[in-house]
Amino acid sequence: MSHEPSARGVETRPFPLLPTTIQVSDDVLADLRQRLELTRWPVDAGNEDWSYGVSRGYLRELVEYWRTGYDWRAAEAAINAYPHYFVEVDGVPVHFMRKPGVGPDPTPLILTHGWPWTFWHWAKVVDPLADPAAFGGDPADAFDVIVPSFPGFGFSAPRPHNPDMNFWKVADLWHVLMTETLGHTKYAAAGCDVGALVTGQLGHKYADELYGIHIGSGQKLTLFDGDRGWDISGGRPIPEGIPAAVHDRIIELERRFAVHLAAHVLEPSTLAYGLSDSPAGLLAWILQRWVSWSDNGGDIESVFDKDDLLTHAMIFWVTNSIGTSIRTYANNNRYPWTPSHDRQPPIEAPTGITFVGYENPPGVTTDRRVQAFVDSDRGDWYNHVNLTVHDRGGHFIPWEIPDRWVEDLRRTFRGRTPSTSGIRR
């Protein structure tokens, strides 16, 4: 058993699992280099502006750096600065990273990523959440941070006998992990993207065993249900007579998400053959999402530098998990969400939500974002206690605006956990 430090450096209760390290074999890295050297490039004339998708010019530059300059061992060392654990939860292999909380009574917190995220997308917020005093904060705000890889993603290695994994099944696994494997009677949860759906399901099904949840965006848990779960418009045409700015925003959001959702929901296996065989193809597919979903002002490296991009891509590549990660979308639709109770709101756990201006819905300005959510059909889904919007930041909120995400999350849980009860600021 390992032990965790308290605020005074004295051992507290032992952690029930033994840590291990992440280590990718030299053979896997050698195979990757050979595949990169043998990349066959398509003709991509007239695509310097990325209007046809990822531009060959930038992708080729990135692939060349991947082959000759990128250092996975350095990234691996940074990842291994944290303890890692591998467990089976109800027969499903789960990897998670942990940062022990440093404070008088750290609150257990599980963070769930989305796609094409990895567990490492939480890297910028883990330390300040676990040790707020080291960043000028209050030790009473400390969390014991658990950061799992979504099953079928990265080091939560895919297995053939778990082909039906989706967001609400992951929520059940997380609850077992936190309460039975790790022994917490109550915990906090946060997530973004598909991870926000997992977190919302926790807040729906297990509200009594949660201090609360904090998410990015606030979707209905029925998001992927129905015959057209891949279509963000639900098959509805664009209304006539709407303002030009609203029309343009609808088109912009459809261009951002339509291909992604349709391919992942409708034919994940077809896509997976190419992406599992070609590292350049895998990088292109996920690069397009990082470019179009982040608030980067036209410069992706202002959000993710080359090493960042490649570290996240490597986590998919070395585990051969791109196909199983994509299939999650199809399973969200194939195995529709069904409620565990009919109480209102469906998500009863106290909920904080961080919104960002880059994802404003059509016709909604940032200053109206919170009220628009409250007034929408999604607002009634949540027991919202802390709604915040920021001008900056895109889809990858804890990576793009980590300080603001941490502040928002702390505000959600203040006064709701044992260490912060009675504190008012």
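A residue counts as buried when its relative accessible area is under 20%. By that cut-off, seven of the seven residues of strand β8 (residues 210-216) are buried, so β8 is largely enclosed by the rest of the structure. Keep in mind that this is a predicted model. Below is a quick tour of two strands, two residues and some empty space.

**Strand β8 and its partners**

- On one side of the story is strand β7 (residues 187-192), which pairs with β8 in the parallel sense over six bridges.
- If you want one pair to look up, take Ala190, whose bridge partner in β8 is His214.
- To get from β7 to β8, the chain goes through helix α6 (residues 194-205), and this β-α-β crossover is right-handed.
- Strand β8 also runs parallel to strand β9 (residues 347-356), and four bridges join the two.
- Here a handy pair is Ile213, which stands opposite Thr351 in β9.

**Strand β6 and its partners**

- Strand β6 (residues 143-148) is mostly covered too, with six of its six residues buried.
- In a regular strand, side chains take turns between the two faces of the sheet.
- You can follow this in β6: Phe143, Val145 and Val147 point one way, while Asp144, Ile146 and Pro148 point the other way, and all are buried.
- Strand β4 (residues 92-99) pairs with β6 in the antiparallel sense, using four bridges.
- Within that topic, look for Met97, which has Val147 in β6 as its bridge partner.
- Strand β5 (residues 107-112) runs parallel to β6, and again four bridges do the joining.
- Pro108 is a good place to check this, as its bridge partner in β6 is Asp144.
- Put β5, helix α4 (residues 123-130) and β6 together and you have a right-handed β-α-β unit.

**His264, a residue to zoom in on**

- You'll find His264 in helix α7.
- His264 has 0% relative accessibility, so it counts as buried.
- Its side chain makes a polar contact with the side chain of Trp285, at 3.0 Å.
- Setting aside neighbours within four places in sequence, His264 is in contact with Trp115, Leu271, Trp285, Ile326, Tyr329 and Ala330.

**Thr39, a residue in a loop**

- Thr39 sits in the loop between α1 (26-37) and α2 (56-68).
- A polar atom of the Thr39 side chain lies 2.9 Å from the backbone oxygen of Leu36.
- Not counting residues up to four places away in sequence, Thr39 touches Val63 and Ala280.

**Pockets and cavities**

- How do you find empty space? Rolling a probe the size of a water molecule over the atoms shows where it is left.
- The largest pocket holds about 1,600 Å³ of space.
- There are 47 residues lining this pocket, and Gln219, Leu223, Ile232, Leu253 and Arg378 are the ones nearest its centre.
- Two or more lining residues come from each of α6, α7 (244-266) and α12 (369-375).
- Helix α7 gives the most to that lining, with seven residues.
- As for cavities, the count comes to two of 30 Å³ or more.
- The largest cavity has a volume of about 40 Å³.
- Among the residues lining this cavity are Thr107, Ala140, Asp141, Phe143, Arg410 and Thr420.

How values were computed
Residues are numbered from 1 along each chain as its sequence is written. This is a predicted model: local features need pLDDT of at least 70, side-chain atom pairs count only at pLDDT 80 or more; totals for chains, interfaces and linings use all residues. Side-chain values use heavy atoms; hydrogens and water are left out. A polar contact is a pair of N or O atoms within 3.5 Å; within protein, one must be able to donate a hydrogen and the other to accept it, and residues adjacent in sequence count only if both atoms are side-chain atoms. Contact means heavy atoms within 4.5 Å. Buried means under 20% relative accessible area, exposed over 50%, partly exposed in between (1.4 Å probe, protein chains only). Two strands pair if DSSP finds at least two bridges between them. A crossover is right-handed if, with the strands pointing away from the viewer, the path from the first strand over the helix to the second runs clockwise. On a 1 Å grid over the protein atoms alone, a cavity is a set of points where a 1.4 Å probe fits but cannot get out, and a pocket is an open set with protein on both sides within 12 Å along at least five of seven lines; lining residues have an atom within 4 Å of a point. Grid points are joined across faces, edges and corners, and a volume is the space filled by probe spheres set on the points.
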